[in-house]
Amino acid sequence: MQPDRAPPAVAQPASSNLAALRRCVALLQTCKSLPRLKQIHAHSVRRGVPLGHPGLAKHLVFALVSLPAADPMPYASAVFAQVPTPGVFSYNTMIRGYAESCCPRPALDVHHLMLAADVPPDSHTYPFLLKACAKLLSLRDGERVHCRSVKDGNDACVFVQNTLVHFYAACGAFENAHKLFERMSHRNLISWNCVINGFAINGRPNEALTLFREMVANEDGGIEPDGFTMVSLLCACAELGALALGRRSHVYLAKRGLDRNTHVGNALIDFYAKCGSIEEAYKVFDEMDERTVVSWTSLIVGLAMNGFGEESLDLFHAMERERLVPTEITLVGVLYACSHCGLVDDGFRYFNRMTREYGIVPKIEHYGCMVDLLGRAGLVEEAHSYIMNMPLEPNAVIWRTLLGACAMHKRLAIGEAIWARLVELDPGHSGDYVLLSNLHAAVGQWGIAHKLRRSMLKGGVRKMPGCSLIELGNRMHEFVMGDLSHPQSQQIYEMLEEIAMRLRLEGYMPSTTNVLADIEEEEKETALNYHSERLAIAFALLNTAPGTPIRIVKNLRVCADCHLVTKLISKIYDREIVVRDRSRFHHVRGGSCSCKDYW
């Protein structure tokens, strides 16, 4: 005969045991450390409260997963396993614990056990489950949980809907997140925050800004944003380079007293750095009450992006003097600074210190920085050898970085070998076709360049069109090459003619090697003259006061000729011009660029 699973004492403890149980539960509610919690648990067992008593177990598990530090889940799992018939509260607590841990996968396993035990989930179950799926970036698992919530009738709960919006956004399915948001009958601040942040983190800043405007101008009186909203807004402003709007957000945060928050401070540093206003990023950093490693890292990376490599390295040394331990991202910023300033020896020195001094195992991003460092310095053969001897398998990004260096330094043989690798790893990437076309055009092989372009079209591979953004008059103005859609197009093209005339007087000679077409030189010059950043500069010269800085965000890398022209325009018109391209910042003043031509 099989013994009963539950000890007799579980059914109804004696009055003394009940008193001990109540005392232990009261102690658990104030417990803040794992060793102390274990002492309380041991005390309850000694006082006669059974190990698996559900009245103790649910409070014990809840106290465990609520601990501010440590990893309580192995202990919580051991306690949970002793409970004969856990209720929905205990299952939910375990799911929450795993969802908030560094290993969220078991949360899904606990849910399966819950269903197998015929314990119906409630509206508290699904937010934790979806949080686990979001951390795992598991779209399929999350979709299953979503279906189950519909089946159980819990999908109408605002808490579940908010977490669904967050989950889909975290997994990159921002269209799904927005559709769910649009169907919500009741939206609170969390709902708006989830959808705004979803667009911001998925590279859709315009949509994030549009939703923010809808939120504050809602027909029901609007919803007042909080710190989380403003961090998402700053993220969108940083992506667009919308400095004026971000500054207004900063003023709002200061009025609300939210600018003293460390997370907000870090977001402000990142925002100002990505808008090319490194002085303001430094000011935020200096005024912070508490600086974390993230604060230091944000400014180190920001300085490196803006071409201030030596200042970035000086700040890293200051961080070391503060005895703060750098993270993997910090070292990416340091190596990035070395790469964009041509500091090859320094780059290798910092790379070697990663493992030796900080115990950081280099990842593919760090190796990518080293390949970029060698390639930019013209050491293409050394970069190729470095890749071949890497302890990690090089990915398409690594090979593409080297292909860009081959195009820059006209290394055709290595470039063609890299192309063969890229065709295997990431076929159909438009950037690879463009880089190889650049390379063949640079060495005068126009027939092969044309053949590549035809195969690109035949294969349905579309080249990303270059566009430039500039903020003016509380809105973003976007330009593409040869754009005629802007209301001021006629004045812009007249301004371009004036610029071209003044450039010729300065002795400017167009560099037409980047025009990938076998056409007459005069036609190539015309094509260069209508690049998107030149349209944006002409627009800014027309619509801003003399001496006003011009700030442009470009989605592609600035070509050599536009880089030269931007320097000359800054000198002729006495303007500071800040251009953020796909690779880095170019701070241009008086005919000189911060990148020192390591772009």
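Helices, taken as H or I runs of at least four residues, and strands, taken as E runs of at least two, are DSSP runs numbered from the N terminus. On that basis, the chain I am presenting comes to 31 helices and six strands. The model is a predicted one: local features need pLDDT of at least 70, side-chain atom pairs count only at pLDDT 80 or more, and totals for chains, interfaces and linings use all residues. Residues are numbered from 1 along each chain as its sequence is written, and side-chain values use heavy atoms, with hydrogens and water left out.

Let me begin with the chain as a whole. Its C-alpha trace spans about 100 × 60 × 55 Å along the principal axes. Of the 599 residues, 50% are buried, where buried means under 20% relative accessible area, exposed over 50%, and partly exposed in between, with a 1.4 Å probe and protein chains only. A contact means heavy atoms within 4.5 Å. Among contacts with a separation of 6 or more, 64% join residues 24 or more positions apart.

I turn now to helix 9, residues 139-152. The expected span of a helix is 1.5 Å times one less than its number of residues. For the 14 residues of helix 9 that gives 20 Å, and the end C-alpha atoms are 20 Å apart, which agrees. Which residues of helix 9 are buried? They are D141, G142, V145, H146 and S149. Seen down the axis of helix 9, these buried residues fall within an arc of 145°, so they line one face of the helix; the arc is that of the directions from the helix axis to the C-beta atoms. The general background is that an α-helix has 3.6 residues a turn, so residues three or four places apart point the same way. On the other side of helix 9, R140, R144, C147 and K151 are exposed. The cover over the buried residues includes helix 7 (106-116), helix 8 (125-136), helix 10 (158-170) and helix 11 (174-183). Just after helix 9, G153 takes a positive phi of about 80°.

Next, the annotation. An unreviewed UniProt entry carries "repeat: PPR" over residues 87-121, 188-218 and 261-295; positions are given in the numbering used here, feature names are shortened, and annotations may be inferred rather than shown by experiment. Residues 87-121 are 66% helix and 0% strand, with end C-alpha atoms 10 Å apart. For residues 261-295, the figures are 74% helix, 0% strand and 12 Å.

Two individual residues deserve mention. T262, in helix 16 (residues 262-274), is buried at a relative accessible area of 17%. Leaving aside neighbours within four places in sequence, T262 is in contact with M288, E290, T292 and S295. F80 belongs to helix 5 (residues 73-81) and counts as buried at 11% relative accessibility. With the same neighbours within four places left aside, F80 is in contact with V61, P86, S90, Y91 and M94. The C-alpha atoms of F80 and R356 are separated by 42 Å, the two residues being 276 apart along the chain.
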